[in-house]
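Reader: Hello! Could you take me on a close look at one part of this model, the disulfide and its surroundings? I would enjoy one connected account, with the cut-offs spelled out as you go.

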Amino acid sequence: MPPATDARCIYLSDRGGTKGHWSLTADRCKRDTLRQLAASCTDTTDVEYERV
């Protein structure tokens with residue numbers, strides 16, 4: 001996780017997009033933690049991706 005608060009939402013978005021694109025999974029604990037962290041990201045845009 002980036003130490004700079006303003007970079008966290010970008011990091012979380014990129015991580016989620018990469019996992020989705022490559023059909024990667026995360027265990028429940030990690031997924032819940034990432035969702036909690038992303039809940040504070042208010043300025044986001046939905047991204048569409050093609051699974052590989």
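Author: Gladly! A disulfide here is a pair of cysteine sulfur atoms within 2.5 Å. With that criterion, a search of the whole structure turns up 1 disulfide.

A word on the ground rules before we zoom in. This is a predicted model, in which local features need pLDDT of at least 70 and side-chain atom pairs count only at pLDDT 80 or more, while totals for chains, interfaces and linings use all residues. Residues are numbered from 1 along each chain as its sequence is written, and side-chain values use heavy atoms, with hydrogens and water left out.

Now to the bond itself. Its partners are Cys9 and Cys41, whose sulfur atoms sit 2.0 Å apart. The two cysteines tie together distant parts of the chain, since Cys9 belongs to helix H1 and Cys41 to the segment after H2, 32 residues apart. Helices, for this purpose, are DSSP runs of H or I with at least four residues, strands are runs of E with at least two, and both are numbered from the N terminus. The torsion about the S-S bond of Cys9 and Cys41 is about -95 degrees, so this disulfide is left-handed.

How does each end face the solvent? Relative accessible area sorts residues into buried (under 20%), exposed (over 50%) and partly exposed (in between), using a 1.4 Å probe and protein chains only. Cys41 is buried, at 11%, whereas Cys9 is partly exposed, at 29%. Another cysteine, Cys29, counts as exposed with 59% relative accessibility.

Next, what surrounds Cys9 in space? Ala38, a residue of helix H2, has its C-alpha 6.5 Å from that of Cys9, although the two are 29 residues apart in sequence. Ala38 counts as partly exposed, at 32% relative accessibility. Asp43 comes from the segment after helix H2, which spans 28-38. Its C-alpha and that of Cys9 are separated by 8.7 Å, with their positions 34 residues apart along the chain. Asp43 counts as exposed, at 75% relative accessibility.

The helix that carries Cys9 deserves a look too. H1 covers residues 5-21, 17 residues in total, and reaches 25 Å from its first C-alpha to its last, close to the 24 Å expected at 1.5 Å a residue. That expected span is 1.5 Å times one less than the number of residues in the helix. Just after H1 comes Ser23, in the loop between H1 and H2. Its phi is near 55 degrees, a positive value in a residue other than glycine. Most residues other than glycine have a negative phi. Ser23 counts as partly exposed, at 37% relative accessibility.

Finally, the wider setting. The protein has 2 helices and 0 strands, and of its 52 residues 10% count as buried. It exposes about 4,500 Å², of which carbon and sulfur atoms supply 51%; accessible areas come from the Shrake-Rupley method with a 1.4 Å probe, and for residues only the protein chains shown count as cover.
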